[in-house]
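Got the viewer open? Let's take a short walk, starting at a pocket and ending at a single side chain.

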Amino acid sequence: MLKAIGMLLLGGLLIKSASAQSDTCKQRYVKTPTGYLMVLREGDNVFAEIEKLAVREKVPAASFFGLGFAGSAIFGFYDFNKKKFNPKEFKRVEMGSLTGSIAWSEGRPSLHMHGVATDEKFQAFGGHLLSLAVGTGSMEITVMVHDQKRERKVEQPLNANVLQLPSCEGAR
């Protein structure tokens, strides 16, 4: 009987400890001298977490890079004739490289993200990312903040969402 009670108490302590540990892992980023360091956890939507950071911290524009394990990475190859991405999903891959930028479009963060992923056979796949979810472990992302706000606008005829720079009058 005492052994059973001890096991119940130990089980309760382990559950409480795991719960306390997961509570401390809710913070997804810290401020650094050049911007932010993010550590995302299993199941986190990378796009959503970077967008939340941009909104909460009022990031005017930024560049970012990272690495880590992805449970799902959806890459898209742009079909210029159809003016849309052809998606392909890769599961359980290592993001050997992740790079992108944060700008704004219609009052919301607008991300442009590329990456290179490898599978268990060390085959590499890469390109434009449409979706990315953290897999087992974590994903580390360094966000380098720029001093001026940047916008993205859809430009024709390609229907591409392009980062806008200040006008260069007289440069042509």
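First, select β5 (108–118): this strand gives the largest pocket the biggest share of its lining, five residues. Strands here are DSSP E runs of at least two residues, helices H or I runs of at least four, numbered from the N terminus.

A note on the model: it's predicted, so local features need pLDDT of at least 70 and side-chain atom pairs count only at pLDDT 80 or more, while totals for chains, interfaces and linings use all residues. Residues are numbered from 1 along each chain as its sequence is written, and side-chain values use heavy atoms, leaving out hydrogens and water.

Now add β3 (62–79), β6 (124–145), β7 (152–155) and β8 (160–163), which each supply at least two lining residues as well. To find the middle, show Phe85, His112, His128, Ala160 and Asn161, the residues nearest the centre among the 21 that line the pocket. (On a 1 Å grid over the protein atoms alone, a pocket is an open set of points where a 1.4 Å probe fits, with protein on both sides within 12 Å along at least five of seven lines; lining residues have an atom within 4 Å of a point.)

Next stop: Val93, in strand β4 (residues 84–105). Is Val93 buried or exposed? Val93 is buried, because its relative accessibility is 1%, and buried means under 20% with a 1.4 Å probe, protein chains only. Show Ala117 too: the C-alpha atoms of Val93 and Ala117 are 5.8 Å apart, though 24 residues separate them along the chain.

Definitions and conventions:
Buried means under 20% relative accessible area, exposed over 50%, partly exposed in between (1.4 Å probe, protein chains only).
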